[in-house]
Amino acid sequence: FTSVLDRTQASMQDASKEAGQLGTTLTVFGEKVADASDGAGVGSLVRDLSNEVLRMRHSLESLSSQLESSRGDIDKLSNELRRARDNSYLDPLTGISNRRALDEALAEQCLLTLASNAPLCVVMIDIDHFKRVNDRAGHLAGDRVIRSIAQQLQASVKRQDVVARYGGEEFMLILPATPLSGALTLTERLRTEIERTTITTGIPNTPSLKVTVSAGIAQQRLGEMPESLTGRADKALYVSKQSGRNRVSLDQ
């Protein structure tokens, strides 16, 4: 970006210098015309002035070309910056929102519900016995499992909902304008679909895998902050794990 600015500034300085020279030339031209005694002298002055105007024209054309080139470079830089910003909010393994994006989205939704009084639920989801997957099939197979579940979650929610990788084998759903009953229905459907899914590892001599998930749901209380809401959903998830896994629990 600095390079673009430097090139543009240099072209503008050149054009400014040419404009200054043309101004001086016009002043001298006026004085010489006033003193000229014959047509031949005036003709010579006009030719000199024409040359100066032509030089100024070339300088302005060069500036215009440089400005057009700079605009293209700035557009390119803006797009690259936008992509970099977007990528900073995505989990590299799954392509869904990462923890940074999740924290910002949850804080925003908690504030919005204060103004709208609409229900807001969060769901914590954990892959059951994930360490066994890594131990038995390897970490590449474990990555495939995480990606597969992320894709299932993303494909099953509404556009306004947020699906994020919370960390490791944990995910979180943010469900705006969704009451506890609706969140329970959605999460139970997801749990059942995941339980029925066979995940191919894509690794030679490694069999397909079947996994289950446990989940905990909490609905925001009046004026509740994100940390408290997330903590209650996590407690509900813990209840699911302690109760045998592959189930959904509510924190009310």
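This is a short walk through one predicted model, with a selection to make at each stop.

**The whole chain**

Start with the full protein chain in cartoon view. You should find seven helices and five strands. Read from the N terminus, the elements follow the order α-α-α-β-α-α-β-β-α-β-α-β. Switch to a surface and you are looking at about 14,500 Å² of exposed area, with carbon and sulfur atoms supplying 52% of it. Of the 252 residues, 37% are buried. If you like contact maps, here is a number to go with yours: among contacts with a separation of 6 or more, 68% join residues 24 or more positions apart.

**The sheet**

Next, select the strands. In what order do the five strands lie in the sheet? The order is β2-β3-β1-β4-β5, in an open sheet with mixed pairing. Which strands stand at the edges? Those are β2 (162-167) and β5 (248-251); each has a single partner strand, so one side of each is left without a neighbour in the sheet. Neighbouring strands here are turned against each other by 20 degrees on average, ignoring direction.

Stay with the β5 edge and add β4, residues 213-219. Strands β4 and β5 pair in the parallel sense, over four bridges. To see one bridge up close, pick Ala215 and look across to its partner in β5, Val248.

**Helix α5, across the sheet**

Now show residues 139-156, which are helix α5. This helix lies across β1 (120-127), β2, β3 (170-176) and β4. Compare its direction with β3: the helix runs at about 10 degrees to that strand.

**Helix α4 against α5**

Keep α5 on screen and add residues 130-137, helix α4. Two packed helices are described by the angle between their axes and the distance between the axes. For α4 and α5 the angle is about 140 degrees, and the axes are 7 Å apart. That angle makes α4 oblique to α5. Turn on side chains to see who meets whom: Phe130, Val133, Asn134 and Ala137 come from α4, while His139, Ala141, Gly142, Val145 and Ile146 come from α5. Sorted by class, this contact has six nonpolar residues, three polar ones and no charged ones.

**Helix α3 against α7**

For another helix pair, select residues 99-116 (α3) and 226-242 (α7). Their axes are 9 Å apart and the packing angle is about 105 degrees, so α3 is roughly perpendicular to α7. On the α3 side, choose Leu106, Ala107 and Cys110; on the α7 side, choose Pro226, Leu229 and Thr230. Five of the residues in this contact are nonpolar, one is polar and none is charged.

**A closer look at Thr230**

Leave α7 displayed and centre on Thr230, which sits in that helix. Is Thr230 buried or exposed? Its relative accessibility is 12%, so Thr230 counts as buried. Setting aside neighbours within four places in sequence, the residues to highlight around Thr230 are Leu106, Met124, Tyr166 and Met172. Leu106 is already familiar from the α3 side of the helix contact.

**Last stop: Ser65**

Finally, go to helix α2, residues 39-87, and pick out Ser65. With 48% relative accessibility, Ser65 counts as partly exposed. Then add Ser11 and draw a distance between the two C-alpha atoms: the separation is 9.5 Å, although the residues are 54 apart along the chain.

Key. Residues are numbered from 1 along each chain as its sequence is written. This is a predicted model: local features need pLDDT of at least 70, side-chain atom pairs count only at pLDDT 80 or more; totals for chains, interfaces and linings use all residues. Side-chain values use heavy atoms; hydrogens and water are left out. Axes are lines fitted to C-alpha atoms, for helices over the stretch in contact, and angles run from 0 to 180 degrees between N-to-C directions. Helices (H or I, at least four residues) and strands (E, at least two) are DSSP runs, numbered from the N terminus. Angles under 35 degrees count as roughly parallel, over 145 as roughly antiparallel, 65 to 115 as roughly perpendicular and the rest as oblique. Contact means heavy atoms within 4.5 Å. Ala, Val, Leu, Ile, Met, Phe, Trp, Tyr, Cys and Pro count as nonpolar, Asp, Glu, Lys and Arg as charged, and the others, Gly among them, as polar. Buried means under 20% relative accessible area, exposed over 50%, partly exposed in between (1.4 Å probe, protein chains only). Accessible areas come from the Shrake-Rupley method with a 1.4 Å probe; for residues, only the protein chains shown count as cover. Two strands pair if DSSP finds at least two bridges between them.
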